[in-house]
Amino acid sequence: MILSTIEVAGKRLEVATWRSDHGRGLPILLLHEGLGSIRLWKAFPEELAAKTGRTVIAWSRRGHGSSDARDDAHTVNYMHREADFLPDIHHQLGIERAHWFGHSDGASIALIGASRTQQFCSSLILEAPHVLVEDLKYESIAKVTAGFTQSDMGERMRRYHEEPYPLFRDWSAIWLSPEFREWNIEDVLSRIDKPMLLIQGRNDQYGTMDQLDRIVRAVPRAIKVEIDDCGHSPHLEQEQRVLEAVCDFLKDKE
């Protein structure tokens, strides 16, 4: 793993790169979840680079990991704002095109970004994407938030973030806000014309298969993989199954 930084919109973002000996095809860019960072991908990027033969690159968004803090709180359109940065991230990394691999919030950001700037995205690999706020998601976040101060979750998050407490408060506050209950990005789906692999655990505590079904109905080139005995993080809970699906999906692609 090679660590570096880029500057986007005046903020320093940490970057990690895993290079394969094969150097095969376009790179894979990893877009992390709502409370994610480079470190929370754990060993998966190294395995992904080895199995696919491609360079894998991840960065931590503002306020995540060791990247610079945000100057503002999350708004209802915070994922749209993060999607705005994707072209600049490509330019800063010196990459014309890549396969985008997004998890949870990162998957939704990838959908929004692909609907706007398809020239940077060759294909989409999306784990547990959300296109609307289901009751299950709201209830699960509410439960975690209610127990946050009595648990050691904040200290456990410190393994992956320099400022875990502001990050959690900001993220949970917007997801539990009344205005966010109407959040929906289904309108962007019809503007995406890229091959798409959708992956979700059958026991995902933050979303149902309805999220994937809505995407499949709107995007003709989307295929889905449902994984048994798996929750919200398939790449960690069922790593080999995810690697097999990704390798199969990318085998005939640039």
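**Exercise 1.** Is Asp-213 buried, partly exposed or exposed, and what is its relative accessible area? Place the residue in its salt bridge as well.

*Solution.* In this predicted model, the relative accessible area of Asp-213 is 25%. Because buried means under 20% and exposed means over 50%, Asp-213 is partly exposed. Its salt-bridge partner is Lys-224, with the closest N and O atoms 2.4 Å apart. The pair links distant parts of the chain, since Lys-224 lies in strand β8 (residues 222-227) and Asp-213 in helix α8 (residues 210-218), 11 residues apart. Lys-224 is likewise partly exposed, with a relative accessible area of 34%.

**Exercise 2.** Describe the surroundings of strand β2 (residues 11-18), beginning with its pairing and ending with its burial.

*Solution.* On one side, strand β1 (residues 2-8) pairs with β2 in the antiparallel sense over 7 bridges, and Thr-5 stands opposite Glu-14 in β2. The two strands form a hairpin with 2 residues between them, and Ala-9 in the turn has a positive phi of about 50°. Strand β4 (residues 56-59) also runs antiparallel to β2, joined to it by 4 bridges, and here Val-15 stands opposite Trp-59. Finally, 7 of the 8 residues of β2 are buried, so the strand is largely enclosed by the rest of the structure.

**Exercise 3.** Which salt bridge does Lys-11 form with Asp-71, and how do the two residues stand in accessibility?

*Solution.* The side chains of Asp-71 and Lys-11 meet at 2.9 Å, N to O. This pair joins the loop between β4 and α2 (78-84) to strand β2, across 60 residues. Asp-71 is exposed at 67% relative accessible area, whereas Lys-11 is buried at 14%.

Conventions: Residues numbered from 1 in each chain as written. Predicted model: local features only at pLDDT ≥ 70, side-chain atom pairs only at ≥ 80, totals over all residues. Heavy atoms only, no water. Buried < 20%, exposed > 50% of the residue type's maximum accessible area, 1.4 Å probe, protein only. Pairing = 2+ DSSP bridges. Salt bridge = Lys/Arg side-chain N within 4 Å of Asp/Glu carboxyl O.
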